[in-house]
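Here are my notes on the model you asked me to look over. Keep the viewer open and follow along point by point.

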2 protein chains.
Amino acid sequence: MADVAEIADVSMITVSRALRTPERVAPETRLRVEAAMAQVGYVPDLVAASLASRRSRVVAVVVPTIGSSIFSDTIEGMSDLLHGRGYQLIIGAGSYDKEGSESVITTLLGRRPDGLILTGSRHAKRARRMIEDARIPVVEMWELPPKPIDSAVGFSNRAAVRAIAAGLVEAGYRNVAFIGPSEGDARATQRRQGYADAMVRNGRTPIFIETPRPPSQMEHGAAAVARAAREHPEIDAACFTSDVLAIGALFQCQRLGWKVPGRFAIAGFGDFEIAAAATPALTTVSVPRYKIGEEAARLILGRIDGEIPAGQAVDLGFEVIWREST
Amino acid sequence: MADVAEIADVSMITVSRALRTPERVAPETRLRVEAAMAQVGYVPDLVAASLASRRSRVVAVVVPTIGSSIFSDTIEGMSDLLHGRGYQLIIGAGSYDKEGSESVITTLLGRRPDGLILTGSRHAKRARRMIEDARIPVVEMWELPPKPIDSAVGFSNRAAVRAIAAGLVEAGYRNVAFIGPSEGDARATQRRQGYADAMVRNGRTPIFIETPRPPSQMEHGAAAVARAAREHPEIDAACFTSDVLAIGALFQCQRLGWKVPGRFAIAGFGDFEIAAAATPALTTVSVPRYKIGEEAARLILGRIDGEIPAGQAVDLGFEVIWREST
DNA sequence: ATTCCTTATGTTAGCGGTATCATGCACTTT
DNA sequence: AAAGTGCATGATACCGCTAACATAAGGAAT
């Protein structure tokens, strides 16, 4: 930066201003500075800028897993919006496992992000204390926690599965099961409750078939159907906690020669690309994955700039999409 | 840190050492420092540490898109290895579009990463100059460029599709087509060439069916098959540039009532989870997605630590997996 | 002409750590 | 006894940039 300043015959602070607040530099000077920057190939050091300005222009986000694609649309939504506003994203994986999340959060906070976006609300006490000590805005997403740390963006997982399960009952299915993991994911647990709500309301006995801990794989869905065929032949429909499980189940039904939905109706969750593309097309809950990311980003920026008060909760809703599989 | 130092009754530099090089601090002192850190809930400022030490412990990675899940396994591989070594990942999206990549690279380099991992080799001149000026190790991945910037980790996309296409010819299919995008992705282009190689060697005329620019969607595969049905009814097999397209095609065949592989044999690329789960299970090219990430991370760390010389190229190979769809 | 703005630019002092060199001390070695 | 060695710790000077305040010059208001 000193080089650029010398070439443009200005002081360093003017170079800094030409970069951060160009409107406060005379147009002619700005051109000289820009020419000098281009000449030497100057790439501003954002690390130093962060330290000096106490604003890193970084937002940290914690997702349960990067490998699974569930959150990639959400991350893309955040990323698209944040980059446009000059922010960078740093991603930490690991809240499927409570222990891990603490070390992830320490590292992320070490980078002094201006905001923090979290998935999953069950954080260890120390993690929660660190987050509070950081005194930065926090947005929780993908659910609407009863006792949010700060703000939240999501929808009711429970109401969503309640709706789709009730729909199956209304459609005339006699024995509707719930297939998904029983632990390891707060959102899956809420979905389980939504299913239970619907069964209880309709005077049915819930039937739960458990799958391994998340991240869920297609194979888990296939195995669950195989088990249902042996142990619960009466089941004629099921709500899955994810399209991934549902698609695995769908293929398994094809192998078993089961008609879908004739012999076995399948309802997924997520409305991933494959849900609409499959034959039969999958009935599922459509959730605004990309929009959750965008909205979380918008909210965190609003909080950072002080334009939005703390404690906002945004319910983006869901939509049950009835297709051929039910 | 000053607080911690005072409580532990040492100087700041000793706190710093207790953190970075604990073996160089007397055990008894270290315990005092650790107790003090726990007491005040000290989270070291990695931004300041980066500036002072000129090592950010950050690795930047550029992928064509975050939303698509193709690279998420690779990112997970990198992330797993890097976090274990105390490094953080910052991700930039946007080399499907050449213009975008320059601004992405500027922002990433602004964070002063210790290393850079790139996907895709066609970079604008200015981007390439910036990368060279940054004087940090670079690893390109997912292909083996003829003229790498520094190191590379990948496999031959061309040889992979050459192998699978040749296999289809050997298996007796008469009219094998290639279905994929014709531009926008260097790797897809290399795959196209591999197909062409196989056709030419076997004295066949290549048949290309184009799909929209990446990221590819299932729908594109379905539409391509619909078009093939009308315009090239003689086609009895096809190589797709991705499992995503292939699965879309598979569902489309089910809708058309086409037997797979009887009427139309399908070969994908990538060996995603769905390839094995589908019925019929998908013949495809298995590529070490996770391992590419791990190896790229290992290579970049080796380069950073000066243990590995520049210019290494690691070919992780591929494997053609013959399943039911061909 | 004096005062008061406004605009463009500069000076100084950090931001929170770490590299580097220096220091003090106990223990060998000659 | 003098000198050398290794270890634990400390003092100082930055790292590259920006916040905050200072300054200068020109124009408008009085």
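1. Start with Asp9(A), which counts as exposed because its relative accessibility is 63%, and the cut-off for exposed is over 50%. Keep in mind throughout that you're looking at a predicted model. You'll find Asp9(A) in the loop between helix 1 (2–8) and helix 2 of chain A. Its backbone is worth a click too: Asp9(A) isn't a glycine, yet its phi is positive, at about 60°.

2. Now hop over to chain B for another positive phi. Arg54(B), also a residue other than glycine, has a phi near 55°. Look for Arg54(B) in the loop that runs between helix 4 and strand 1 (58–63) of chain B. Is Arg54(B) buried or exposed? With a relative accessible area of 73%, Arg54(B) is exposed.

3. For a contrast, try Asp197(B). This residue sits in helix 9 of chain B, which covers residues 186–201. Asp197(B) has a relative accessible area of 16%, so it is buried; the limit for that label is under 20%. Which residues does Asp197(B) touch, once its neighbours within four places in sequence are left aside? The partners are Arg158(B) and Arg162(B).

4. Next, two cis peptide bonds in chain A. One joins Pro214(A) to Pro215(A), with omega near 0°. Pro215(A) belongs to the loop between strand 7 (207–211) and helix 10 (218–231) of chain A. The other bond to check goes from Val260(A) to Pro261(A) and is cis with omega near 10°. Pro261(A) is in a loop as well, the one between helix 11 (243–256) and strand 9 (265–267) of chain A.

5. Zoom out to the domains of chain A. The assignment gives domain 1 (2–44), domain 2 (54–154 + 289–316) and domain 3 (157–286). Notice that domain 2 is written as two stretches, 54–154 and 289–316. How many residues does each side bring to the contact between domain 2 and domain 3 of chain A? Domain 2 of chain A gives 12 residues and domain 3 of chain A gives 13 residues. The C-alpha centres of these two domains are 30 Å apart.

6. Then compare the two protein chains. A turn of 180° with a shift of 0.0 Å along the axis lays chain B on chain A, at an RMSD of 0.1 Å. The two copies are therefore related as by a two-fold rotation axis. Both copies use the same surface, and 100% of the contact residues of chain B recur in chain A.

7. On to the DNA, beginning with strand C. DNA strand C is surrounded by 22 residues, and the closest are Ser11(A), Thr14(A), Thr29(A), Ser16(B) and Arg20(B). Of the atoms of DNA strand C within 4 Å of the protein, 60% come from sugar and phosphate. Here are some phosphate contacts to find. A backbone N or O atom of Ser11(A) is 2.8 Å from a phosphate oxygen of DNA strand C, and a polar backbone atom of Ala26(A) is 3.0 Å from a phosphate oxygen of this strand. Arg20(B) uses a polar side-chain atom, 2.7 Å from a phosphate oxygen of DNA strand C. Helix 2 and helix 4 of chain A, together with helix 2 and helix 4 of chain B, are the elements giving two or more residues to the surface near this strand. That surface has 13 nonpolar, five polar and four charged residues.

8. Finish with DNA strand D, which has 23 residues around it; Ser16(A), Arg20(A), Tyr42(A), Thr14(B) and Thr29(B) are the closest. Which parts of DNA strand D do its atoms within 4 Å of the protein belong to? Sugar or phosphate holds 67% of them, and the rest belong to bases. For side-chain contacts, an N or O atom of Ser16(A) is 2.3 Å from a phosphate oxygen of DNA strand D, and a polar atom of Arg20(A) is 2.7 Å from a phosphate oxygen of the strand. Met1(A) makes its approach with a backbone N or O atom, 3.5 Å from a phosphate oxygen of DNA strand D. Helix 2 (12–20) and helix 4 (46–53) of both chain A and chain B each supply at least two residues of the surface near DNA strand D. By class, that surface is made up of 14 nonpolar, five polar and four charged residues.

Notes
Residues numbered from 1 in each chain as written. Chains lettered and ligands numbered in written order. Predicted model: local features only at pLDDT ≥ 70, side-chain atom pairs only at ≥ 80, totals over all residues. Heavy atoms only, no water. Near = heavy atom within 4 Å. Polar contact = N/O pair within 3.5 Å; in protein donor to acceptor, adjacent residues only side chain to side chain. Helix = DSSP H or I, 4+ residues; strand = E, 2+ residues; numbered from the N terminus. Nonpolar A, V, L, I, M, F, W, Y, C, P; charged D, E, K, R; others polar. Buried < 20%, exposed > 50% of the residue type's maximum accessible area, 1.4 Å probe, protein only. Contact = heavy atoms within 4.5 Å. Least-squares fit on C-alpha atoms with pLDDT ≥ 70 in both. Domains from an automatic or database assignment.
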